[in-house]
Amino acid sequence: MRILLAEDEKELSNALVAILKHNNYSVDAVYDGADALDYGLSENYDVLILDIMMPKMSGLEALEKLRKQGVQTPVLMLTAKTEIEDRIAGLDMGADDYLGKPFAMGELLARVRAMTRRKSEFTSNLIESGNITLNKENFELSNGKSSLRLGNKEFQMLEMLISNPKRLISTEQFMERIWGYDSEAEINVVWVYISYLRKKLASLDANVKIKAVRGVGYTLEECE
């Protein structure tokens, strides 16, 4: 699950990123409202966490522009305890929740989980391709008889492939979505994880396989 964190206080941002990553979230951090808008428009995220008071553009302005552009990603606003009017404005503009500073890290994680649960109420936690099923809640991959649990990045890659049948997904798209725009990971890390997934699909006797189109990308197809 991928989160965009827009918080201009660097120390707080670094602490939040560390906690979120420790809880198996992938995180991109930005430090002003203009970057929050640019990154948010990519719709590469499952949750946006926006501080209200930021340079260049406030979190409220970024939220308003995102919603006007049709971006429906769940948004958690970070506000000072006394900013009642900002909380009301944020909710009216389409924020899904708010959290007043200072806050406990556990509460932040709980609110993120709650927002993603609400989002999943409209879609099944199970997605299928061929004879395999992927559980989005516990990362379990199953063929109906046996199952195994995928790592976080393996899960995200396979979810992208199953959710986009017959569509080629480029190495760059995997990198942006899963490792983040500013990741220092080498691009061949995608090939490594594709290899892991192929082995796990084979171990479950899956009748689907990950096909590579040289120079274009990867797609999940039924075996011939």
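Where does lysine 101 sit? I looked it up in what is a predicted model, and lysine 101 is placed in strand S5, which covers residues 97–101.

**Entry: Lys101 and its partners**

I checked burial next. Lysine 101 comes out at 17% relative accessibility, so I put it down as buried, the cut-off being under 20%.

Then I went through its side-chain contacts. With glutamate 7, lysine 101 makes a side-chain to side-chain polar contact at 2.9 Å. With glutamate 9 there is a salt bridge, and the closest N and O atoms are 3.4 Å apart. That one links distant parts of the chain: lysine 101 is in strand S5, while glutamate 9 is in the loop between strand S1 (2–6) and helix H1 (10–22), 92 residues apart. Glutamate 9 has 43% relative accessibility, so I noted it as partly exposed.

Aspartate 51 also forms a salt bridge with lysine 101, this time with the closest N and O atoms 3.2 Å apart. Aspartate 51 lies in strand S3 (residues 47–51) and lysine 101 in strand S5, so the pair ties together parts that are 50 residues apart in sequence. Both aspartate 51 and lysine 101 are buried.

I wanted to know which residues are linked with Lys101 in a network of salt bridges. They are Glu7, Glu9 and Asp51.

**Entry: the other salt bridge I followed up**

The salt-bridge count comes to 10. I picked out one away from Lys101: glutamate 154 with lysine 200, where the closest N and O atoms are 2.8 Å apart. This pair again links distant parts of the chain, with glutamate 154 in helix H6 (residues 152–163) and lysine 200 in helix H8 (residues 188–203), 46 residues apart.

Are the two partners buried or partly exposed? Glutamate 154 is at 6% relative accessibility, so it counts as buried. Lysine 200 has a relative accessible area of 24% and is therefore partly exposed.

**Entry: Ala95**

I moved along to alanine 95, which lies in the loop between helix H4 (84–93) and S5. Its relative accessible area is 10%, so I logged alanine 95 as buried.

What does alanine 95 touch, leaving aside neighbours within four places in sequence? I found Leu63, Val75, Met77 and Gly90. I also checked the C-alpha to C-alpha distance to leucine 63: 7.4 Å in space, with the two positions 32 residues apart in sequence terms.

**Entry: the two domains**

Last, I stepped back to the domains. The assignment for the protein chain gives domain 1 as 2–116 and domain 2 as 126–222. Their centres, taken over C-alpha atoms, are 28 Å apart. On the contact itself, I have 11 residues from domain 1 and nine residues from domain 2.

How much area do domain 1 and domain 2 bury between them? I get about 810 Å², of which 29% is on carbon and sulfur atoms. On the domain 1 side, the residues touching domain 2 split by class into three nonpolar, four polar and four charged.

I then looked for specific pairs across the contact. How many salt bridges are there between domain 1 and domain 2? The count is zero. For polar contacts between domain 1 and domain 2 I have one residue pair, with both residues at pLDDT 80 or more.

Terms used. Residues numbered from 1 in each chain as written. Predicted model: local features only at pLDDT ≥ 70, side-chain atom pairs only at ≥ 80, totals over all residues. Heavy atoms only, no water. Domains from an automatic or database assignment. Contact = heavy atoms within 4.5 Å. Buried area = accessible area lost by both parts, 1.4 Å probe. Salt bridge = Lys/Arg side-chain N within 4 Å of Asp/Glu carboxyl O. Polar contact = N/O pair within 3.5 Å; in protein donor to acceptor, adjacent residues only side chain to side chain. Nonpolar A, V, L, I, M, F, W, Y, C, P; charged D, E, K, R; others polar. Helix = DSSP H or I, 4+ residues; strand = E, 2+ residues; numbered from the N terminus. Buried < 20%, exposed > 50% of the residue type's maximum accessible area, 1.4 Å probe, protein only.
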